[in-house]
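Me: I would like to go through the helix packing, burial and backbone angles of this chain. Please keep the answers short and show the reasoning.

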Amino acid sequence: MRFARRLGQAAVGIAALALMGCEQPRALGPGEAPPATSPVRTASEQRAGDRAHEQVLARFGGVYRDPQLSAYVSQVGRRIAAVSDQPGARWTFTVLDSPTINAFATPGGYVYVTRGLVGLAGDEAQLAGVLGHEIGHVVAGHSALRRERATTASLGLLAGAIGLSVLGVDPQASGALLDLGQTAAGGYLAAHSRNEELEADNLGVRYLAQAGYDPYAQAEFLDRLAAWNRLQARIAGGSYDANRVDFFSSHPATAERTRRAIDLARSAGTIAPGDGERGEDRFLAAVEGIAWGDSEAQGFVRGRTFSHPRLGFAFTVPAGFTIRNTKEAVLAAGPRGARFIFDGGRDPGGALTNYIARGWAPAIARDRRTGRLQGLTPDRINGLEAARAVLPAEVNGRLYDALLVAVRMNGVIYRMTGLAPRGSGLLPAMGNAAETFRRLSRAEAAQLRESRLQVVTVRAGDSVRSLARRMNVDGHHVERFRVLNGLGPGERLRAGQQVKIVR
C-alpha cells in the first residue's frame, strides 16, 4: 500500500479488468470438441490490449525492475508463442512487481506473470506451462469474449465497486475486492469461464510438448500452487478445500484440474514424462536474487499485522482474518463475509468528527440506503488523534454495520473501514483492530526489509530443517522451504542439489 490519492469514486476501468482473471475449469464431456483457435488477431483485440496495458501496470505494482529476468521470461514466452496458433503475432510478456502468485492475459497478446509466481515455479518448463496456458487464452479469444460479457455483467460488478467506494474505500481497493470474487456477477462469469480454463490447459500442454518441454510440468506447477495455497490457509488459521476456488488466487490449483492436466499430458503425443526439457539450471540462475514477498515501498504483511516502514505505522487485523496488501489499500477478509479495509488520503484539516459526520458518512448516504450515524466520538488511539462512528448501510442487498475510524498522522488521514454483517457479532473485533494502529519506532522500521531468493547447493550434512532455519520468513520455516522447492512430506535432499531459500 502507498496511499489513496482520491477517495470515493467508482472504478469503471478497474471493474472491467477484474473480468480477466482465471477460474476453476470443469472436465470435458464425452465427445466434446477441442478448443477453437484463431490464427489471426483482430485489430480491435490488439487495440484493446494496447489500451489496457498501462492500466494493468498501474493496478498491479508496475513492471518488476530486473532487465535480465524480464528478458528471460520473454525468451521463454516467445519459445511457446512460436509453436502457438498465432506464431507471427506480436506478443508482450511482462513480469509484474507483485508478491501474489498470479498470471493472466489480455487481448493483443499481453501476458503477465507476477514475480511471486516466477519465484514459486520450480523450473523453466513449469514457467513455460503457465505462459502457455495464458497464450492459450489469447489464441482462443477468451479475453475478447470476457470483454463482450462485461457489457451485460458489469452492472453487477460496478454495483459492488460503487458500494465499496461510497463506504470510503478507494476504487483501487474496490476493484481488488471484485477480483476476489465477492459479487454475484463474479459467479456468473466464473460459470462461463470454466470451459475456457480447460481449453487453455489443453492448449498449454500441447504447446509445451511442441516446444520440447516436458508437458507434465504444467500439472506439477498446479500441485505446487495447491501446496502453497494449503500452507497459506493453515498459516491464516483456516482450512483449504482443493475443490473450491481460493479467495486470494484467480488460478485455483484444484485436484480436478491437476488430474485433468495430467490426462492432457498423457494424450499430448510422443513425449513421455521426463523426456521433455526442464531447464532447471537456466531457471534457477534467472531467479537468483529476485524479490520475494512484500516490498518496503508497499509495506509488509507478517501474519495478521501490516507494517509500513516508510509511512511509519502498523496495525493488526482481527483473528480469523487474512490480509491482502494492494497498491492502494490493505484488505482483510474474515468470517461470515466480514471485511476490513484500510486506506489513506490527504488531511483536509478540522475535527475528525466533522470529517466523518460531514464528509465520509454523507458521501455514503448519497449513493445508498443507510441508517443514522451512531456513536460518533472523538478518540485517541495510541497517542494519535482519532474519531469513530458506526453507520448501518446496505451493500449489495445485505445489511452491514460499517465501523468508520479516522486517524490523523503526519499530514495524512488513515481510514479503517470495518464491514460487519448485521448480527454477525464481529463489530467489536473491528473496533479492537482499529485500536492497534500505532506509530512504528525507527528501530522497528529498520528491521523490516525486503527478502530475496537465494539459490544454494546442498552440501553433505545439509537437511531440510537446517536450510529452512536460514530462511528469512515469518515462521513455518520448514513448510515454506518444502513448498518453495516442491518437496513432498518426508522427501529428503541430496548432496549437489540446488534449492531456493529466502534471505
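The questions below concern a predicted model.

Me: What does the secondary structure of the chain come to?
Reply: The model is predicted. Its secondary structure consists of 16 helices and 17 strands.

Me: What percentage of the residues in the chain is buried?
Reply: A residue counts as buried when its relative accessible area is under 20%. The chain has 503 residues, and the buried share of them is 56%.

Me: Among contacts with a separation of 6 or more, what percentage is accounted for by residues 24 or more positions apart?
Reply: Contact here means heavy atoms within 4.5 Å. Of the contacts in the chain with a separation of 6 or more, residues 24 or more positions apart account for 69%.

Me: Are α3 and α5 oblique or roughly parallel to each other?
Reply: Helix α3 covers residues 67-81 and helix α5 covers residues 124-139; their axes are 9 Å apart and the packing angle is about 60°. Roughly parallel requires an angle under 35 degrees, and roughly perpendicular begins at 65. The angle of about 60° therefore makes α3, relative to α5, oblique.

Me: Is the crossing of α3 and α5 left-handed or right-handed, and how do the residues of the contact divide?
Reply: The crossing in which α3 passes α5 is right-handed. On the α3 side the contact is made by Y72, V73, V76, G77, R79, I80 and A81, and on the α5 side by E124, L127, A128, L131, G132 and I135. By class, the residues of this contact are nine nonpolar, two polar and two charged.

Me: How are α5 and α9 oriented to each other?
Reply: The axes of α5 and α9 are 8 Å apart, and the helices pack at an angle of about 95°. Angles of 65 to 115 degrees fall in one class. α5 and α9 are therefore roughly perpendicular.

Me: Which residues make the contact of α5 with α9, and how do they divide?
Reply: α5 contributes A125, Q126, G129, V130 and H133, while α9 contributes A217, Q218, E220, F221 and R224. The residues of this contact divide into four nonpolar, four polar and two charged.

Me: How far apart are the end C-alpha atoms of α9, and what span is expected?
Reply: Helix α9 has 19 residues, 217-235, and at 1.5 Å a residue the expected span is 27 Å. The end C-alpha atoms agree with that, as they are separated by 27 Å.

Me: Is A226 buried or exposed, and how far is its C-alpha atom from that of V483?
Reply: A226 belongs to helix α9. Its relative accessibility is 6%, so A226 counts as buried. A226 and V483 are 257 residues apart along the chain, and their C-alpha atoms are separated by 9.5 Å.

Me: Leaving aside neighbours within four places in sequence, which residues is S70 in contact with?
Reply: S70 lies in helix α3. Its C-alpha atom is 9.6 Å from that of L96, which is 26 residues away in sequence. With neighbours within four places left aside, the contacts of S70 are Y64 and V95.

Me: Where is H476 found, and what is its phi?
Reply: H476 is in the loop between α15 (464-468) and α16 (477-484). At 31% relative accessibility, H476 counts as partly exposed. Most residues other than glycine have a negative phi. H476 is not a glycine, yet its phi is positive, near 55°.

Me: Which loop holds R336, and what is its phi?
Reply: R336 lies in the loop between β9 (330-333) and β10 (339-346). R336 is not a glycine, but its phi is positive, about 55°.

Technical notes:
Residues are numbered from 1 along each chain as its sequence is written. This is a predicted model: local features need pLDDT of at least 70, side-chain atom pairs count only at pLDDT 80 or more; totals for chains, interfaces and linings use all residues. Side-chain values use heavy atoms; hydrogens and water are left out. Axes are lines fitted to C-alpha atoms, for helices over the stretch in contact, and angles run from 0 to 180 degrees between N-to-C directions. Helices (H or I, at least four residues) and strands (E, at least two) are DSSP runs, numbered from the N terminus. Angles under 35 degrees count as roughly parallel, over 145 as roughly antiparallel, 65 to 115 as roughly perpendicular and the rest as oblique. A crossing is left-handed if the near helix is turned anticlockwise from the far one by less than a right angle, and right-handed if clockwise. Ala, Val, Leu, Ile, Met, Phe, Trp, Tyr, Cys and Pro count as nonpolar, Asp, Glu, Lys and Arg as charged, and the others, Gly among them, as polar. The expected span of a helix is 1.5 Å times one less than its number of residues. Buried means under 20% relative accessible area, exposed over 50%, partly exposed in between (1.4 Å probe, protein chains only).
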